Amino acid sequence: MLLSGCAGSSRTDEDYRLKAANSVEAAASAVGTARLATAAADRGNATSAYLSVLLGEAEKDLAGAQETFPASP
């Protein structure tokens, strides 16, 4: 969701900075979701099926944020 505006090349340094900030925000959101999910699991407040989907989506979001800035070859 949030990452759709992050992909692609940057025309200016400011554009690159904004894309980096959006990627950091998306990654932080995914980590926050995972933390909330694990806390709910620890308390027994969510089903395993729900947690599986929730954590899977958080993992995809985090991977998308990582793909925005791939490692140099």
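In helix α1, D15 and K19 are 4 residues apart, which means that about one helical turn separates them. In this predicted model, the two residues form a salt bridge in which the closest N and O atoms are 3.6 Å apart, within the 4 Å allowed between a side-chain nitrogen of Lys or Arg and a carboxyl oxygen of Asp or Glu. The two partners fall into separate accessibility classes: D15, at 24% relative accessibility, counts as partly exposed, whereas K19, at 8%, counts as buried, the cut-off for burial being under 20% relative accessible area.

The salt bridge between D15 and K19 belongs to a set of 3 found in a search of the whole structure. Another joins R17 to E14, with the closest N and O atoms 2.7 Å apart; these residues also lie in helix α1, where a spacing of 3 residues places them about one helical turn from each other. Both members of this pair count as partly exposed, R17 at 44% relative accessibility and E14 at 41%. A further salt bridge is found in helix α2, where K60 and E57 are 3 residues apart and therefore separated by about one helical turn. The closest N and O atoms of K60 and E57 are 3.5 Å apart. K60 is exposed, with a relative accessible area of 56%, while E57, at 39% relative accessibility, counts as partly exposed.

The secondary structure in which these pairs are set comprises 2 helices and 0 strands. Helix α1 spans residues 13-43 and helix α2 spans residues 48-67, and the loop between them contains T47. With a relative accessibility of 52%, T47 counts as exposed, because the class of exposed residues begins at values over 50%. The side chain of T47 reaches the backbone nitrogen of Y50 at a distance of 3.1 Å. Over the chain as a whole, which has 73 residues, 19% of the residues count as buried.

The arrangement of the helices was considered next. Two packed helices are described by the angle between their axes and by the distance between those axes. For α1 and α2, the packing angle is about 160°, and the axes are 8 Å apart. The two helices are therefore roughly antiparallel to each other, since angles over 145 degrees are placed in that class. The crossing of α1 and α2 is left-handed. On the side of α1, the contact is made by S23, A26, A27, A30, V31, T33, A34, A37 and A41, and on the side of α2 by L51, L54, L55, A58, D61, L62 and A65. Among the contacts in the chain with a separation of 6 or more, 52% are accounted for by residues 24 or more positions apart.

Pairs of residues distant in sequence also link helix α1 with the end of the chain that follows α2. F69 lies in the segment after α2 and, at 31% relative accessibility, counts as partly exposed. When residues up to four places away in sequence are not counted, F69 touches Y16, K19, A20 and S23. Of these, S23 is also one of the α1 residues that make the contact with α2. A20, which has its place in helix α1, counts as partly exposed at 23% relative accessibility. Although A20 and F69 are 49 residues apart along the chain, their C-alpha atoms are separated by 8.2 Å.

K19, in helix α1, takes part in several of the features described above. The C-alpha atom of K19 is separated by 8.4 Å from that of T68, a residue 49 positions away along the chain. K19 is among the residues touched by F69, and K19 is also the salt-bridge partner of D15. With a relative accessibility of 8%, K19 counts as buried.

Conventions. Residues numbered from 1 in each chain as written. Predicted model: local features only at pLDDT ≥ 70, side-chain atom pairs only at ≥ 80, totals over all residues. Heavy atoms only, no water. Buried < 20%, exposed > 50% of the residue type's maximum accessible area, 1.4 Å probe, protein only. Polar contact = N/O pair within 3.5 Å; in protein donor to acceptor, adjacent residues only side chain to side chain. Axes fitted to C-alpha atoms, helices over the stretch in contact; angles between N-to-C directions. Parallel < 35°, antiparallel > 145°, perpendicular 65-115°, else oblique. Left-handed = near helix turned anticlockwise from the far one by under 90°. Contact = heavy atoms within 4.5 Å.
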